[in-house]
Amino acid sequence: MELELELGSSTQTSHRLLAYSDALLSIIATVMILPVAHTKIHPDQKLGESVQQLLLAKIAVYLMTFLIVTVAWAAHVRLFQVIELIDDVLALLNLACMMIITFLPYTFSLMASFPEVPFGIFLFSVCAVVIGLIQAVIVAYGFYHPHLLNQQIQSYVLLGLVIVFPHLTRFITWCKTKIVGRRDEEEEHHSLETFTFYLSEPLSKERVEGFSDGVYAIVATLLILDICEDNVPDPREVEEKFHGSLLEALSEYGPNYLAYFGSFVTIGLLWFVHHSLFLYVTKATRLMGLLNILSLAFIGGLPLAYQLTSEFAEKSHNEIEAIQVSCVITFFASIFQFAIWTTALLHERETLHPFARYGGKEHAFMFAKLALYPCVSLGVFFLTCLLSEFSTAIFHLMQIVIPFAFLALRIFVRIALTVLRSVMSLSRRKVVLLEEEEACLSPTEPLS
């Protein structure tokens, strides 16, 4: 607050603008699953045929549009690494950029509904170009008012080095290292490598967490919207068919409620794993951000999984296929989280808290927590292939057991580590005993 008063009424920090932008972008990226999730599939129609005829094009367009929106978010993150302060003009330009981004779901709907007509693609391309132009205007405005920039890049010369010629910056740094010697840690920390395009480039951890939390929250909210829309009985039908008994009418929707709670628990636990992971991440990189975006793309597909599994009430012929689609979505959403963890371990000194590094006291627990969902979802997928008659029971059993597995996971990990240490100590003792026996049986050296 004191800083904002010193800067004056027209110049302020960008924290609230960034939080608003992250929330808006996460909502826009997530609601694009609605046209896919609300595709009506007749109970007598095979899911494979429906995917080929209806869902495949919509899913492809959803993934493409999700990635483009997240690219726009990544560009926004990069942009406001350069611009540290804002004024009224920058705030209004950012709102104009957000307005065009919020129009993207409409262009997505046009592309999905009329894939043979090129107007939807044209409108989408126009929006993407306008977003890029507005962001370019924001960059130009920021460099025209250097007091708004990050203190490290308040000059036009560095504009070219940092944004236009990042590889030249890398080359100059390499030459300097070869001539002068290795840079000290403080110089490396404050270097301009923050603004290069390399996958190891640091990314704002706070904005990654904020954008991810927005996606998880919106996906969870979309589930209850479907419940409110499709699972409230008509008063006239309750009176005529169920003789005024609301409970009897609601019992018809029992499997839908079960699918809702199972999907919500899945989303909540995946968020819990994501929160636990980034609790120990000290620095996010661009590669970790890319893997996080891929995970979020499949998280956004969970409403589709809910729509498919809620059709169990209609006794359709698609139970096995619907369960397998749900398992595939859950597997990829969780395996990309595991990939973030693996990527962090490759540079654990820079990216992870000491507790979570290899050999740290939380390393084994984090490994088990991140591996639980990929292993279970993959196991359920193959079990439904082998035991198709019990596919529904297996799927619901997984949804019930996993929350309790998370609660008891730390106990299981401690038991497993204790058993592993015991086995290793026994093997070491055997090795020591064998060496002692060999030493006893070996001939003594002749006396000199």
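Tutor: Before we start, a residue counts as buried under 20% relative accessible area, as exposed over 50%, and as partly exposed in between. Also keep in mind that this is a predicted model.

Student: Okay, what does the chain consist of in terms of helices and strands, and what share of its residues is buried?

Tutor: The chain has 20 helices and four strands. It runs to 448 residues, and the buried share of them is 43%.

Student: How many aromatic pairs are there, and how are the rings of Trp73 and Phe211 arranged?

Tutor: Rings pair if their centres lie within 6.5 Å, and planes under 30 degrees apart count as stacked. By that rule you get 10 aromatic pairs. For Trp73 and Phe211 the centres are 4.6 Å apart and the planes sit at 25°, so this pair is stacked.

Student: How many residues apart are Trp73 and Phe211?

Tutor: Trp73 belongs to helix α4 (residues 47-82) and Phe211 to helix α11 (residues 205-230). Both residues are buried. The pair links distant parts of the chain, with a separation of 138 residues.

Student: What kind of pair do Phe272 and Phe406 make?

Tutor: The relevant cut-off here is that planes over 60 degrees apart count as edge-to-face. The ring centres of Phe272 and Phe406 are 6.0 Å apart with planes at 85°, so the pair is edge-to-face.

Student: And which helices does that pair of Phe272 and Phe406 tie together?

Tutor: The two residues are 134 apart in sequence. The parts tied together are helix α14 (residues 254-280), home of Phe272, and, for Phe406, helix α20 (residues 391-441).

Student: Is Phe272 buried or partly exposed?

Tutor: Its partner Phe406 has 9% relative accessibility, so Phe406 counts as buried. Phe272 has 31%, which falls between the 20% and 50% cut-offs. Therefore Phe272 is partly exposed.

Student: Which residues does Ile101 touch, leaving out those up to four places away in sequence?

Tutor: Ile101 is one of the residues with the most contacts inside the largest nonpolar core, a set of 96 residues. Leaving out those sequence neighbours, Ile101 touches Leu25, Ile28, Ala72 and Ile131.

Student: Last one: which residues make the nonpolar surface patch of about 470 Å²?

Tutor: Phe119 is one of them, and it is found in helix α7 (residues 119-144). At 47% relative accessibility, Phe119 counts as partly exposed. The full set making the patch is Phe114, Val117, Phe119, Phe122 and Val126.

Technical notes: Residues numbered from 1 in each chain as written. Predicted model: local features only at pLDDT ≥ 70, side-chain atom pairs only at ≥ 80, totals over all residues. Heavy atoms only, no water. Buried < 20%, exposed > 50% of the residue type's maximum accessible area, 1.4 Å probe, protein only. Core = buried A, V, L, I, M, F, W, Y, C linked by side-chain atoms within 4.5 Å. Contact = heavy atoms within 4.5 Å. Patch = residues over 30% accessible without salt bridge, like charges linked within 9 Å, V, L, I, M, F, W, Y side chains within 5 Å. Areas by Shrake-Rupley, 256 points an atom, 1.4 Å probe, with all protein chains shown as cover. Salt bridge = Lys/Arg side-chain N within 4 Å of Asp/Glu carboxyl O.
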